[in-house]
Amino acid sequence: MRISDLREDLNLLSSWEERFEYVIDLGRDLPAFPENRKTEEYRVRGCMSRVWVYPRWEETDNSRVFRLLVESDSAIVKGLAAVLVMRYDGVPEADLPEDSSDGLFSELGFAEHISPSRRNGLAALEGRIRSFIDG
């Protein structure tokens, strides 16, 4: 699923409760996170929940593609992280977004419905993603 599909799906839902349930379902549908990567090396600092991120490059015939796995012990955080996975995973290096996802979360209406600590956690997660991409 891409971000454009997410926008369309969310527009069909009338309440924030339905939208958050939908986002939680997105998190449940994420690929399994490897147990051997649930280590301090992959843990995201700055999140109240436990969150792990496993970023890597996949070489193709003519470019590198960014691959991303995320896990959290919080259903809503995992769902919100799934939005970041949609934004970054499978994207060729040349096409990766350079801006933060703040605007996207605002556009989708999540920014006003999640706590400041969750917003900080998402920023920390995206910071880890960006540091790998830029590193």
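**A three-stranded sheet and a buried aspartate**

In this predicted model, three strands make up an open sheet with the order β1-β2-β3, and the pairing is antiparallel. At the edges sit β1 (51-59) and β3 (91-92), each of which pairs on one side only. Strand β2 covers residues 64-72 and runs antiparallel to β1, to which it is joined by nine bridges. To pick out one position along this pairing, Y54 has L69 in β2 as its bridge partner.

Two helices pack on the sheet. One is α3 (residues 75-88), which touches β1, β2 and β3; its direction makes about 180° with that of β2. The other, α5 (residues 116-134), touches β1 and β2, and its direction makes about 25° with that of β1.

Next comes the loop between α3 and β3, which is where D89 is found. Is this residue, D89, buried or exposed? D89 counts as buried, because its relative accessibility is 17%, and the cut-off for buried is under 20%.

As for what surrounds it, D89 is in contact with R2, F66, R67 and L68, once neighbours within four places in sequence are left aside. Two of these contacts can be described at the level of polar atoms. With R67, the link is side chain to side chain: D89 makes a polar contact there at 3.3 Å. With L68, the backbone is involved instead, as the backbone nitrogen of L68 lies 2.8 Å from a polar atom of the D89 side chain. Both R67 and L68 fall within the 64-72 stretch of β2, so the loop residue D89 reaches this strand through its side chain.

Conventions:
Residues are numbered from 1 along each chain as its sequence is written. This is a predicted model: local features need pLDDT of at least 70, side-chain atom pairs count only at pLDDT 80 or more; totals for chains, interfaces and linings use all residues. Side-chain values use heavy atoms; hydrogens and water are left out. Two strands pair if DSSP finds at least two bridges between them. Helices (H or I, at least four residues) and strands (E, at least two) are DSSP runs, numbered from the N terminus. Contact means heavy atoms within 4.5 Å. Axes are lines fitted to C-alpha atoms, for helices over the stretch in contact, and angles run from 0 to 180 degrees between N-to-C directions. Buried means under 20% relative accessible area, exposed over 50%, partly exposed in between (1.4 Å probe, protein chains only). A polar contact is a pair of N or O atoms within 3.5 Å; within protein, one must be able to donate a hydrogen and the other to accept it, and residues adjacent in sequence count only if both atoms are side-chain atoms.
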